[in-house]
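Hi,

Here is the structure I promised to send over. Have a look at it first, and then read on for my notes on what turned up.

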Amino acid sequence: MNPHQRSWFVRLATILVYFFLYAPIVILILFAFNASRTNITFQGFIPYGERVVMEGSLVRASPCGPFHWFCELAKNREVMHAARNTLTIAFTSTLISTIIGTMAALALQRYEFRLKTFSQISLYIPIVIPEIVMGIGILVLFTQLFSLLNSLLGLSGDARLSLGLGTVTASHIAFSIPFVTLVVQARLHGFDKSYEEAAMDLGANEWVTFWRVTFPMILPGVLSGALLAFTLSLDDFVITFFTTGPGATTLPIYVYGLLRRIITPQVNALSALWVSVVFLAVLAIQRLENRQG
Amino acid sequence: MLRALRENRPLQGFLLILPTLVFMVGLLIVPLTLTLVVSFGRRSPDGGVIFTFSLDNYLRLLGYERNCPSGEAVCFNPLYLQILWRSITLAFNTTVLVIVLAYPLAYYIARAPARWRTALLFMVLVPMWTNFVIRVYAWMMLLRKEGIINLALGWMARQLGIPFQPLEMLYTPGAVLVGMVYEFLPFMILPIYTSLEKIDLSLYEAAADLGANPWRTFLRVTLPLSMPGVVAGTILVFVPVMGTFVVSDLLGGRQVVLVGNLIQRQFLDARDAPFGSAASLVLMVMTLVVTYFYTRKFGFGEEIVKA
């Protein structure tokens, strides 16, 4: 039916590009099972044993067997702390940005009001400027604001306002809102206003109409928006890097800090877990989208 | 009062958008304005900001340095211009390479049977959503002196009986280019796929009926109709490459300094927020100008939103 479908060139290129995309990830995961602690060359898998047996930089046996480095990871306090921070930030920012973003989508799609154009444009800005510019802006704002407030209120020691979980979460909410709004707006755009008008004609007020008619129809859009916000937050490096402070390290920041110093199979174990989580999340998103038709 | 709210739709709309406006103004517009104000300031000896109005930071980016080592009042130092130029050429090269790699794959997915398409797209999304830093790490492992690539090359050389020295691939400009291409490839595949998938297949039959060969059909039908996807992908790739500092930091070491690294170092090492702010704004203006002219020339599809 179409001229290029069987072209050997397209096929070959496709195979090579998929290979390019996956070879690094496969090797990354393979090295999470490496018996060598220095993780320079692959020294085989780790056999099961009652205790951890080390021989130089080689692990000869471990109660966790090939999953030795995953067990070590679970014992690593810094990693667990960073994982907790990452999830706290992601859940909080997803919840808030989904609510706020959905409200914005309703406003932009169903209402006329002052500042509408301004709102629409401001929602596009985070998408078209480099992330570092937004990160730097927020950093400049918080450092100036906090130093002003600290001196005005005479705060000292631990009471001083500083960068931390709060500033990271607020920034994540700010960069997620535009994406949630876009996704929900697309969904609202797709369906007919007449359902809502029918409900109103039948005597339902706006509140009832929203919860009984509008909300069930946009729910898949709201859920995709929430999943997107969650993934963006989990994944964010740049904005977190500039808005985080002591005690508020997230996983990507932790990994980055580690990579500048040492390379250990623990990072590979963490990466392998991360890829598996992404795998499941993408699967969930695709299911959701397919159900939306 | 509630009744007034119930009847006033503009007010309802405004109340719905209000929280968004609070965040967008508070954490986007105010910060950008403040960055502009700070960029006209000067660094204080303790790393703070002295608010003045001077264009020194921008002049410094253009190469006019004060406090020269030679003792002159003003001297020319092209360091920052070189960094800006390096960032632009790298972003350009990355974008071109990414288009070349993404196009055939996007084409293959768009023309695959419907039941395969979801799986093929899935295979693009997984690397795309795997954390940025983790993907850079994967390339650190591959490109190291003792990494897999050198190992494979060494093995091949031994088989052929050629003497082999492990190549120094990590911490070179080439490593940064490969890393950037790897990071941003999926962001080009998706929009091109979206625009290719929309093409009506009967256009191909028409082209074939009119005697066009496959190559001609590609140039006259497929390529023009997929341009919105290429344009959207270019923006999704070019803009972040211009601002990224992680790839160059981890794969380029101290060898490859881009605008992103310059900005990051001003804030974290040099503690010169005014100069860093100026660099950040120059970066923003450069990307906005490129985006603006590029979209005006080629049009703007909805692909960018879909991706």
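How are helix 5 of chain A and helix 12 of chain B oriented to each other? Before I get to that, keep in mind that this is a predicted model.

**Helix pairs between the chains**

Helix 5 of chain A covers residues 131–152, and helix 12 of chain B covers residues 259–268. Their axes are 11 Å apart and make an angle of about 15 degrees. Angles under 35 degrees count as roughly parallel, so helix 5 of chain A and helix 12 of chain B are roughly parallel to each other. The crossing of these two helices is left-handed. On the chain A side, helix 5 brings I132(A), I136(A), L139(A) and V140(A), and they meet G260(B), I263(B) and F267(B) of helix 12 in chain B. Sorted by type, the residues of this contact come out as six nonpolar, one polar and no charged.

Next, take helix 10 of chain A (residues 251–259) and helix 6 of chain B (residues 132–143). Here the angle is about 25 degrees, with the axes 9 Å apart. That makes helix 10 of chain A roughly parallel to helix 6 of chain B, and helix 10 of chain A passes helix 6 of chain B in a left-handed crossing. P252(A), V255(A), Y256(A) and L259(A) make the contact from helix 10 of chain A, with V133(B), Y137(B) and M140(B) from helix 6 of chain B. The tally for this contact is seven nonpolar, no polar and no charged.

The third pair is helix 1 of chain A (residues 8–30) with helix 4 of chain B (residues 79–111). Their axes are 8 Å apart, at an angle of about 110 degrees. Because 65 to 115 degrees counts as roughly perpendicular, helix 1 of chain A is roughly perpendicular to helix 4 of chain B. This crossing is left-handed too. Residues in the contact include V10(A), R11(A), T14(A) and Y18(A) from helix 1 of chain A, and L101(B), P104(B), Y108(B) and I109(B) from helix 4 of chain B. In total, the residues of this contact divide into 11 nonpolar, one polar and one charged.

**The nonpolar core**

Which members of the largest nonpolar core touch the most other members? That core has 169 residues, and the answer is I132(A), F237(A), I109(B), I189(B), F245(B) and V246(B). Two of those names have come up already: I132(A) sits in the contact of helix 5 of chain A with helix 12 of chain B, and I109(B) is part of the contact between helix 1 of chain A and helix 4 of chain B. Setting aside neighbours within four places in sequence, I109(B) is in contact with Y18(A), R117(B), L120(B), L121(B), V124(B), I189(B) and Y193(B). As background, nonpolar side chains tend to be buried together in soluble globular proteins.

**Two buried charged residues**

D272(B) lies in the loop between helix 12 and helix 13 of chain B. Is it buried or exposed? D272(B) has 10% relative accessibility, so it counts as buried. Beyond its neighbours within four places in sequence, D272(B) is in contact with R43(B), R60(B) and Q266(B).

K116(A) is in helix 4 of chain A, which spans residues 116–128. Its relative accessibility is 17%, and K116(A) therefore counts as buried. Not counting residues up to four places away in sequence, K116(A) touches A107(A), L108(A) and Y111(A).

**Positive phi values**

Most residues other than glycine have a negative phi. L115(A) has a positive phi near 65 degrees. L115(A) is in the loop between helix 3 and helix 4 of chain A, and at 44% relative accessibility it counts as partly exposed.

Over in chain B, phi of Y171(B) is also positive, near 65 degrees. The loop between helix 7 and helix 8 of chain B holds Y171(B), which is partly exposed with a relative accessible area of 41%.

**One more residue**

F293(B) belongs to helix 13 of chain B. It is partly exposed, at 48% relative accessibility. How far apart are the C-alpha atoms of F293(B) and L258(B)? They are separated by 23 Å, with the two residues 35 apart along the chain.

Cheers

How values were computed: Residues numbered from 1 in each chain as written. Chains lettered and ligands numbered in written order. Predicted model: local features only at pLDDT ≥ 70, side-chain atom pairs only at ≥ 80, totals over all residues. Heavy atoms only, no water. Core = buried A, V, L, I, M, F, W, Y, C linked by side-chain atoms within 4.5 Å. Buried < 20%, exposed > 50% of the residue type's maximum accessible area, 1.4 Å probe, protein only. Contact = heavy atoms within 4.5 Å. Axes fitted to C-alpha atoms, helices over the stretch in contact; angles between N-to-C directions. Helix = DSSP H or I, 4+ residues; strand = E, 2+ residues; numbered from the N terminus. Parallel < 35°, antiparallel > 145°, perpendicular 65-115°, else oblique. Left-handed = near helix turned anticlockwise from the far one by under 90°. Nonpolar A, V, L, I, M, F, W, Y, C, P; charged D, E, K, R; others polar.
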